[in-house]
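Trainee: I am new to this one. Could we walk through it together?
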Amino acid sequence: QVQLVESGGGLVQPGGSLGLSCAASGRIFSIETVGWYRQAPGKQRELVAAITSRYSTNYANSVKGRFTISRDNTKNTVYLQMNSLKPEDTAVYYCNALVSTFRTTSDYWGQGTQVTVSS
């Protein structure tokens, strides 16, 4: 069984920074594309940033230049560094990963971590 666990959320003032982590555990053979998504109250879940197994990245226009996604394959962990945070970045942040075990390739979600940007 594969699990994704997010951490690093919290309360930060506008203009501040937070770093999120998404750690995968279990009988993992490889981790393909990993994405960070967010969902604000009353809104649909949206893709914030993604990184492929070859370290290619893409970002939502709303976070370009402020957020950076990275990964450490030795730790099966993906990071999201968020700078210059705005109140509209407030949401629950989820990571999603396409993970291959020795038997299957499946899509997994973490439980989410709350990010609140407020003065």
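Trainee: Is C95 buried or exposed?

Mentor: First, a word on the model: it is predicted, so local features need pLDDT of at least 70 and side-chain atom pairs count only at pLDDT 80 or more, while totals for chains, interfaces and linings use all residues. Residues are numbered from 1 along each chain as its sequence is written, and side-chain values use heavy atoms, with hydrogens and water left out. Buried means under 20% relative accessible area, exposed over 50% and partly exposed in between (1.4 Å probe, protein chains only). C95 has 0% relative accessibility, so the word for this residue is buried.

Trainee: Which residue forms a disulfide with C95?

Mentor: A disulfide is counted when two cysteine sulfur atoms lie within 2.5 Å. Here the two sulfur atoms are 2.0 Å apart, and the partner of C95 is C22.

Trainee: How many residues apart in sequence are C22 and C95?

Mentor: Strands are DSSP runs of E, at least two residues long, numbered from the N terminus. C22 lies in strand 3 (residues 18-25) and C95 in strand 9, so the disulfide ties together parts separated in sequence by 73 residues.

Trainee: What kind of pair do the rings of Y94 and W109 make?

Mentor: Rings of Phe, Tyr and Trp (its six-membered ring) pair if their centres lie within 6.5 Å; planes under 30 degrees apart count as stacked, over 60 as edge-to-face and the rest as tilted. The centres of Y94 and W109 are 6.5 Å apart and their planes stand at 80°, so the pair is edge-to-face.

How values were computed: Helix = DSSP H or I, 4+ residues; strand = E, 2+ residues; numbered from the N terminus.
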